[in-house]
Structures are given as structure tokens and as C-alpha cells.
Amino acid sequence: MSEEVTIAVDAMGGDDAPGVVLDGVAQALEADGALHVVLCGPAEVVEPFAAAHERCEARATTEVVGMGEHPAEAVRKKKDSSVVVGCRLVKEGAAQGFFSAGSTGACLAAGTLVMGRIKGVSRPALATVIPSPVRPVVMCDIGANADCKPAYLVQFAQMATIYAERIVGIENPRAALLNIGEEEAKGSQFAQEAYALLKEQLPNFAGNAEGGDILPAKFDVIVTDGFTGNVCLKTIEGTSKTLFKTLKGVMMKTPVTKLGALAIKGGLKELMAQVSPDTYGGAPLLGVKGALLVGHGSSNAFAVKNGVLTTAGVVRAGVSEIIAQTVAKGA
């Protein structure tokens, strides 16, 4: 039987909130009998849902952080927003993790300012599972830190390796530095300094990875600065969506192509599931005290369900505790 765990959820996070969030939470509660949820949001949204669902508690809030607001400023001013309250529940021990598909910036700010950094972690970082059709690939950072020092990348790689092992299930993951060539002397001064530190301090470092190495899954963990990682991830996601849309248009062109589409429909559905970002439901902010998962703003109920379940998995696997131990060893 799974260990009981309590996850705070932002009912107002996402483009289609609160509807898809409530549907996703209901599915998560049904899928995991040891899961408890504290649903944060307006009383008229969270209280009726909690009354109708076992293992769900309502935490009424009076404020919401909008997508267009300045993240840090909104977190400091809106103390009773669903994002801030959810992170505060983790800090106070009323929940072990927090999930939101709301403003990424607000989640990063609340995670860092309210939940707090693990001692020794220079910068918390966002990780994600790249939608590769071959096998899962974890990339870190994907947007939390646009400007980095080479030393930060060592911690990003350490934290992403732990996530890859404990949550994604990759045994002995091989980590690589995203660069413009595979040779050690390639790239900017920043990349070369990061390479030297990774080679010296990371036992599972396997060298440089070029952009073309990511989707073929030549490495299990890709480490980079948040600016490059974010551009890379969104390029991959945008390319994937465009290709599937174009392919669908080609297949629907004539009666003959429609028949062909029908014949490979099952295979296409399987491929789309393999490359879907909804499988894990979001990106964890690694390096904060507790589990925090940030979902896509466009998350559907399936993505919310998986995001809540993944957050619970991060708690049960003790990812934050292992990161703290790992960082302490390297201090």
C-alpha cells in the first residue's frame, strides 16, 4: 500500500481553471487511495468540491495571481492567493507538496520565497521530461535561471539525476552538458568552464550533448542554463505540434490517404502519447524544501491528474531529502 501523502493544489491555476483542475483532482483521488488533497481557491469553488469528495479538504483563499502580473511582486503582495497559500501549507507541514498549472513565475517565486531553498542549493531549477519517442530524457534547467554561473550547472545535474532515477525510473542515468559540439573544448567560455566542473565533480557525467542528441535519447539527463533550456524545450514542443498537425492535414486530404490514416491510427495515438508533455503533468522545481510541480497553463484534466500524482511520487521518493544529502556531501 502506498504511503499516505497530502498535496496542496491550486484550483485557480491554468487557462481552463477551475473546471479542468477539479476534474483532474477527482481523477487523481480515484487513482491513488492514499492521496489527500488540500484544494486552494475561492470558497465557492473549493468548498462544494471538498464536500463531495473524500480525502479532500478546502482551503478558501481570497486572491488569485494572474498570468500577466509580476511574479515576485504578486507573491509578496497577495499573501492570500492560492499559489502563496499552497506553498505556505508545505512550509508549515500541513501538506508535503504543491501542484499548480498557474503562472510559472509566481510558482517559482512562491516556491523560493515561501517554501525556501534547501540549505546549500545555490539556485532551485526547473526540470522536465523531454517528449522523446525513444525513451524519457530529463532536462534541467528549463527556465528558472536565465543567467547562470558554471557551478550552478553541477547542482542542476545532481538534482536532475536524482529526479531521473527516483521518479522517471532511469537506472544509472548518463548526464551531458548541452553544447554546440561534442569535443571538450567546444562552446563559449561559460560552457567550457561548466564542462570542466561537471567532469571533475559529477560521477555520471558523459560529456557534451548537441541539440541533435536530445530526441534520440543519446543521454538520460541534459543540463543547461535556463535560457537555453527554455528555448530548446519550446522548440521541440512547437515542432512536435506542427508536425502532427501537418501530418493530420496530409492524411485527411483524399479518400485514399484517409484509409491509410485509419490503418495507422493506433500507432499514431501511441506515438502521440509517448511525446505528450501531459504524461508527467508538469515540471518540478528542484532544490526547494518540499515537492513543487508546475503544470502547463494549457493543462487538461489528464495533465492535472498526472501532475498531482507525480507531485505525490516526488514526496514518497524523498527527492528533496536526497537532494539535501547530496548537496551537503558536495559542500
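**Exercise 1. Is threonine 6 buried or exposed, and which residues does threonine 6 touch?**

Solution. Threonine 6 has a relative accessible area of 17% and is buried, where buried means under 20%, exposed over 50% and partly exposed in between (1.4 Å probe, protein chains only). The model is predicted: local features need pLDDT of at least 70, side-chain atom pairs count only at pLDDT 80 or more, and totals for chains, interfaces and linings use all residues. Residues are numbered from 1 along each chain as its sequence is written, and side-chain values use heavy atoms, with hydrogens and water left out.

Next, locate the residue: threonine 6 is in strand β1 (residues 5-10); strands (E, at least two residues) and helices (H or I, at least four) are DSSP runs, numbered from the N terminus. Leaving out residues up to four places away in sequence, threonine 6 touches His36, Val38, Ala94, Ala95, Gln96 and Gly97, contact being heavy atoms within 4.5 Å.

**Exercise 2. Where does the largest nonpolar core lie with respect to domain 1 and domain 2?**

Solution. Start with the domains: the assignment gives domain 1 (1-121 + 287-318) and domain 2 (122-277), with bounds from an automatic or database domain assignment. Their C-alpha centres lie 26 Å apart, and 15 residues of domain 1 are in contact with 13 residues of domain 2.

Then take the core, a set of buried Ala, Val, Leu, Ile, Met, Phe, Trp, Tyr and Cys residues joined through side-chain atoms within 4.5 Å. The largest nonpolar core has 62 residues, and Val9, Leu35, Leu39, Val138, Phe156, Tyr163 and Ile323 are those with the most contacts inside it. Helix α6 (residues 150-168) gives the largest share of this core, twelve residues. Both domains give residues to this core, so it lies between them. Another core, of 42 residues, lies apart from it and has Val65, Val75, Ile130 and Leu292 among its members.

**Exercise 3. Which residues lie nearest the centre of the largest pocket, and which element gives the largest share of its lining?**

Solution. On a 1 Å grid over the protein atoms alone, a pocket is an open set of points where a 1.4 Å probe fits, with protein on both sides within 12 Å along at least five of seven lines; lining residues have an atom within 4 Å of a point. The lining of the largest pocket has 41 residues, and Thr128, Ile142, Leu233, Glu237 and His296 lie nearest the centre. Elements that give two or more residues to this lining are α5 (104-115), β5 (125-130), α8 (226-251) and α10 (265-274). The largest share, six residues, comes from α8.
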